[in-house]
Amino acid sequence: MTQHRALTAETPAATTPPAGTRSRTHTWQPQRGYAAARGHTGIQLAGMSLDGRLPEAPICGTLGFRLVAVEEGLAVFEGEPGEHLLNPMGTVHGGYMATLLDSALGTAVLTALPAGRAYTTVQLGVHLVRPVAATTPTLRCEGRAVHVGRTTATAEARIVGAADGKLYAHGTATCAVLTVPGTA
C-alpha cells in the first residue's frame with residue numbers, strides 16, 4: 001500500500017536544501033509579441049529575434065535552447081539537454097522534446113507568413129524514437145513549413161544529434177493562421 005504525506009499548516013517547511021541540491025537561474029526580457037509584428041513579415045520577425053533586435057522567447061532560456069538559423073520556410077534551434085530536464089525515469093522529459101519541436105515547427109511557419117499575419121499551434125504530433133540523457137550532446141531541431149495557406153499551415157521537424165546526426169524525435173504541426181490583432 002502506498003502512503004502519501006499531505007502538506008498541512010503543521011508540516012514543517014524545509015529551510016535548508018538537501019545535500020547535493022543544484023540550482024539553475026535564467027533571465028529573460030519581456031516579449032513584445034503582436035506589437036512588434038505590425039508591419040513586419042514573419043521572416044523579418046524571425047531574423048530580428050535571431051540577431052537580437054527582438055528578445056528570444058522566454059521558453060528558450062527556461063529550457064536551454066536557442067534559435068540558430070532561419071530562412072523562408074525553415075527554422076533551426078539547438079539545445080543542450082541537462083539533468084534539470086530529467087523525468088522520474090532518469091531520461092530527459094518528453095515535454096522538452098515536444099517544446100523544441102513545437103518551437104521549430106511554429107517558427108518555420110512564421111517565416112513564411114506575410115506582414116500582419118500570425119499563427120498558433122492547434123495540433124502537435126510528436127514521435128520520440130531514442131531516449132535523451134542528461135549527458136546527450138547538443139541537439140539540433142530543424143523545422144520546415146510544408147504548407148502555408150490563408151487560414152492553416154502545416155510543418156514537419158526532426159531532432160538530431162548536432163554532431164552525429166542521430167535521430168531522437170520527429171514531429172508535425174498544424175497551425176491556425178490569423179490576423180495580428182490591431183492590424184485588420
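Which residues does glycine 73 touch, not counting residues up to four places away in sequence? In this predicted model, the answer is Ala108, Thr111, Ala112, Gly143, Arg144 and Ala145. Glycine 73 makes a good place to start a walk through the structure. You will find glycine 73 in the loop between strand 1 and strand 2. With a relative accessibility of 13%, glycine 73 counts as buried, because buried means under 20% relative accessible area. Another residue to look for from here is leucine 113: the C-alpha atoms of glycine 73 and leucine 113 are 9.0 Å apart in space, although 40 residues separate the two in sequence.

From that loop, let us step into the interior. The largest nonpolar core is made up of 35 residues, and Phe77, Tyr96, Met97 and Ile159 are those with the most contacts inside it. Many elements take part in this core: helix 2 (42-50), helix 3 (58-63), strand 1 (65-71), strand 2, helix 4 (94-110), strand 4 (139-148), strand 5 (152-161) and strand 6 (167-179) each contribute at least two residues. Helix 4 gives the largest share, with nine residues.

Phenylalanine 77 lets you see some of this at the level of a single residue. Setting aside its neighbours within four places in sequence, phenylalanine 77 is in contact with Cys60, Phe65, Arg66, Leu67, Val68, Leu100, Ser103, Ala104, Thr107, Leu139, Arg140 and Cys141.

Now move along to glutamate 78, which sits in strand 2 (residues 74-79). Is glutamate 78 buried or exposed? At 16% relative accessibility, glutamate 78 is buried, because the cut-off is under 20%. If residues up to four places away in sequence are left out, glutamate 78 touches Gly64, Phe65, Arg66, Val68, Thr138, Leu139, Arg140 and Ala162. With one of these, arginine 140, the side chain of glutamate 78 makes a polar contact of 2.6 Å.

Another of these residues, arginine 66, forms a salt bridge with glutamate 78, and their closest N and O atoms are 3.9 Å apart. Glutamate 78 belongs to strand 2 and arginine 66 to strand 1, so this pair ties together parts that are twelve residues apart in sequence. The surroundings of the two partners can be set side by side: glutamate 78 is buried, whereas arginine 66, at 30% relative accessibility, is partly exposed.

Charged pairs like this one deserve a further look. The count of salt bridges comes to seven. One of them brings together the side chains of glutamate 142 and arginine 144, at 3.8 Å from N to O. Glutamate 142 is partly exposed, with a relative accessible area of 31%, and arginine 144 is also partly exposed, at 43%. Through salt bridges that share partners, Arg66, Glu78, Glu80, Arg140, Glu142 and Arg144 are joined into one network. Arg144 brings us back to our starting point, as it is among the residues that glycine 73 touches.

A further salt bridge links arginine 53 and aspartate 51, with 2.9 Å between the closest N and O atoms. Here arginine 53 is exposed, with a relative accessible area of 51%, while aspartate 51 counts as partly exposed at 48%.

Our last stop is on the surface. Leu124, Val126 and Leu128 make a nonpolar surface patch of about 220 Å². Leucine 128, one of these three, is found in strand 3 (residues 117-128).

Notes. Residues numbered from 1 in each chain as written. Predicted model: local features only at pLDDT ≥ 70, side-chain atom pairs only at ≥ 80, totals over all residues. Heavy atoms only, no water. Patch = residues over 30% accessible without salt bridge, like charges linked within 9 Å, V, L, I, M, F, W, Y side chains within 5 Å. Areas by Shrake-Rupley, 256 points an atom, 1.4 Å probe, with all protein chains shown as cover. Salt bridge = Lys/Arg side-chain N within 4 Å of Asp/Glu carboxyl O. Helix = DSSP H or I, 4+ residues; strand = E, 2+ residues; numbered from the N terminus. Buried < 20%, exposed > 50% of the residue type's maximum accessible area, 1.4 Å probe, protein only. Polar contact = N/O pair within 3.5 Å; in protein donor to acceptor, adjacent residues only side chain to side chain. Contact = heavy atoms within 4.5 Å. Core = buried A, V, L, I, M, F, W, Y, C linked by side-chain atoms within 4.5 Å.
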